[in-house]
Amino acid sequence: MPIDAVSAVTTSFQSTEAARSPKQAMDGDMFMHLLVTQLQNQDPSSPMDTNEMMAQTTQLAMMEKLNEMSSLTEENFFLQMRTSAAALIGREVTYTGADGEPATGTVSSVSFAQPVPQVTISGKEVALDLISGVTAPTAPAPQTN
């Protein structure tokens with residue numbers, strides 16, 4: 001009977017640990033937590049230098065701005081993909097088909113439902129990143145009477 005109780009405790013402990021995943025990226029909360037912990041545990045006879053604390057606070061602000069810039073850059077990239085996909089409507093494109101061979105067709109519509117825009121070419125949805133070439137539409141020949 002005691003063996004069962006020990007195995008049950010071990011199993012529940014293991015499942016709790018497996019569900020918990022460590023934080024992989026440093027963010028402002030983690031940085032602030034470290035700074036507060038450092039201040040709480042400092043030696044009273046030798047307190048933290050104010051210049052050092054200002055430097056750490058500046059590093060926190062810089063890190064937050066870099067994260068913000070990274071997010072804005074990613075948003076800009078997705079917007080550029082959407083704009084590029086929309087500009088392909090009515091154009092003849094070359095793309096890699098499902099069989100791995102190049103294929104050609106005219107883009108009739110664009111869908112933004114997935115992270116990578118999907119263009120419709122001859123009734124098939126093709127991811128924007130599979131398009132390898134674009135041809136300008138040819139102007140109709142002028143008619144002479």
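Which residue in β2 stands opposite Thr-94? The legends below take up this pairing and its surroundings in a predicted model.

**Figure 1. Overview of the chain in the predicted model.** The secondary structure comprises three helices and five strands. Read from the N terminus, the elements follow the order α-α-α-β-β-β-β-β. Of the 145 residues in the chain, 17% count as buried. The accessible surface amounts to about 11,200 Å², and carbon and sulfur atoms hold 59% of this area. Among contacts with a separation of 6 or more, 43% link residues that lie 24 or more positions apart.

**Figure 2. Packing of helix α2 against helix α3.** Two packed helices are described by the angle between their axes and by the distance between those axes. For α2 (residues 28-40) and α3 (residues 50-87), the angle is about 170 degrees and the axes lie 10 Å apart. Angles over 145 degrees count as roughly antiparallel, and α2 and α3 are therefore roughly antiparallel to each other. On the α2 side, the contact is made by Gly-28, Phe-31, Met-32, Leu-35, Gln-38 and Leu-39. The α3 side contributes Glu-52, Met-53, Gln-56, Thr-57, Gln-59, Leu-60, Met-63 and Glu-64. By class, the residues of this contact comprise seven nonpolar, five polar and two charged.

**Figure 3. The five-stranded open sheet.** The strands are arranged in the order β4-β3-β2-β1-β5, with antiparallel pairing. Strands β4 (124-127) and β5 (131-135) occupy the edges; each has a single partner strand, so one side of each is left without a neighbour in the sheet. On average, neighbouring strands of this sheet are turned by 45 degrees against each other, direction ignored.

**Figure 4. The hairpin of strands β1 and β2.** Strand β1 (residues 92-96) pairs with strand β2 (residues 102-111) in the antiparallel sense over five bridges. Thr-94 stands opposite Thr-104 in β2, which resolves the opening question. Val-93 has Gly-105 of β2 as its opposite residue. Five residues lie between the two strands of the hairpin, and Gly-100 in the turn has a positive phi of about 90 degrees.

**Figure 5. The hairpin of strands β2 and β3.** Antiparallel pairing between β2 and β3 (residues 118-121) extends over four bridges. Ser-109 stands opposite Thr-120 in β3. The hairpin connection from β2 to β3 runs through six residues.

**Figure 6. The hairpin of strands β3 and β4.** These strands pair in the antiparallel sense over four bridges. Val-119 is placed opposite Val-126 in β4. Two residues separate β3 from β4 in the hairpin, and Ser-122 in the turn shows a positive phi of about 55 degrees.

**Figure 7. The surroundings of Val-126 in strand β4.** Is Val-126 buried or exposed? Its relative accessibility is 6%, and a residue under 20% counts as buried; Val-126 is therefore classed as buried. Leaving aside residues up to four places away in sequence, Val-126 touches Tyr-95, Pro-117, Gln-118, Val-119 and Ile-121. One of these residues, Tyr-95, lies 31 residues from Val-126 along the chain, and the C-alpha atoms of the two are separated by 7.9 Å. Another, Val-119, is also the residue that stands opposite Val-126 in the pairing of Figure 6.

Notes:
Residues are numbered from 1 along each chain as its sequence is written. This is a predicted model: local features need pLDDT of at least 70, side-chain atom pairs count only at pLDDT 80 or more; totals for chains, interfaces and linings use all residues. Side-chain values use heavy atoms; hydrogens and water are left out. Two strands pair if DSSP finds at least two bridges between them. Axes are lines fitted to C-alpha atoms, for helices over the stretch in contact, and angles run from 0 to 180 degrees between N-to-C directions. Angles under 35 degrees count as roughly parallel, over 145 as roughly antiparallel, 65 to 115 as roughly perpendicular and the rest as oblique. Contact means heavy atoms within 4.5 Å. Ala, Val, Leu, Ile, Met, Phe, Trp, Tyr, Cys and Pro count as nonpolar, Asp, Glu, Lys and Arg as charged, and the others, Gly among them, as polar. Buried means under 20% relative accessible area, exposed over 50%, partly exposed in between (1.4 Å probe, protein chains only). Accessible areas come from the Shrake-Rupley method with a 1.4 Å probe; for residues, only the protein chains shown count as cover.
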